[in-house]
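Hi,

Here is the structure I promised to pass on to you. Have a look at it first, and then read on for what turned up.

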Amino acid sequence: MTNEKISAGTIARTIILVLALFNQVLAMFGKSPLDIAGEDISNVVSLIFTIAAAIAAWWKNNSFTAAAIEADKMMSKMKGL
């Protein structure tokens, strides 16, 4: 097994997705995690944040296992990157 690390981008996207999901759960229970006047504005911002985080996390390849990280390196070599 190699000593590979998870990329910073994978960690950042995962953290953003977790924060978006947490924000959405708070909004579902009537808590306002974002201190913005008006419940509708808070809900819209929360929804946009959740959608953006979900799309980013879904679209980008997130390699967590050592095998996946190694496969990403092999793919990059094959592409000439």
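**Glu4 and its surroundings**

Glu4 has a relative accessibility of 26%, and because buried means under 20% and exposed means over 50%, Glu4 counts as partly exposed. Do bear in mind that this is a predicted model. Glu4 sits in the segment before α1. Which residues does Glu4 touch, leaving aside those up to four places away in sequence? They are Ile69, Glu70 and Lys73. Helix α3 covers residues 66–79, so you will want that part of the chain on screen when you look at Glu4. Ala66 is worth displaying too: Glu4 and Ala66 lie 62 residues apart in sequence, yet their C-alpha atoms are 6.3 Å apart in space.

**The overall picture**

The protein has 81 residues, of which 14% count as buried. It contains three helices and zero strands, and from the N terminus on the order of elements is α-α-α. If you take the contacts between residues at least 6 apart in sequence, 66% of them join residues at least 24 apart.

**How α1 and α2 meet**

Helix α1 runs over residues 8–28 and helix α2 over residues 39–59. Their axes come within 9 Å and cross at roughly 150 degrees, and the crossing is left-handed. On the α1 side, the contact is made by Arg13, Ile16, Leu17, Leu19, Ala20, Asn23, Gln24 and Ala27. From α2 come Asn43, Ser46, Leu47, Phe49, Thr50, Ala53, Ala54, Ala56 and Ala57. Sorted by class, this contact of α1 with α2 has 11 nonpolar residues, five polar ones and one charged one.

**Helix α3 and what follows**

How far apart should the ends of α3 be, at 1.5 Å a residue? The 14 residues of α3 should span 20 Å, and the C-alpha atoms at its ends are indeed 20 Å apart, so the two values agree. Just after α3 comes Gly80, which takes a positive phi of about 80 degrees.

**Confidence**

The mean pLDDT of the protein is 80, and 86% of its residues reach 70 or more. Confidence is highest in helix α3, at a mean of 90, and lowest in α2, at 81.

When you open the file, you could begin with Glu4 and its contacts Ile69, Glu70 and Lys73, and then turn to the left-handed crossing of α1 and α2.

Best wishes

Note on methods: Residues numbered from 1 in each chain as written. Predicted model: local features only at pLDDT ≥ 70, side-chain atom pairs only at ≥ 80, totals over all residues. Heavy atoms only, no water. Axes fitted to C-alpha atoms, helices over the stretch in contact; angles between N-to-C directions. Helix = DSSP H or I, 4+ residues; strand = E, 2+ residues; numbered from the N terminus. Left-handed = near helix turned anticlockwise from the far one by under 90°. Contact = heavy atoms within 4.5 Å. Nonpolar A, V, L, I, M, F, W, Y, C, P; charged D, E, K, R; others polar. pLDDT = per-residue confidence, 0-100. Expected span 1.5 Å × (residues − 1). Buried < 20%, exposed > 50% of the residue type's maximum accessible area, 1.4 Å probe, protein only.
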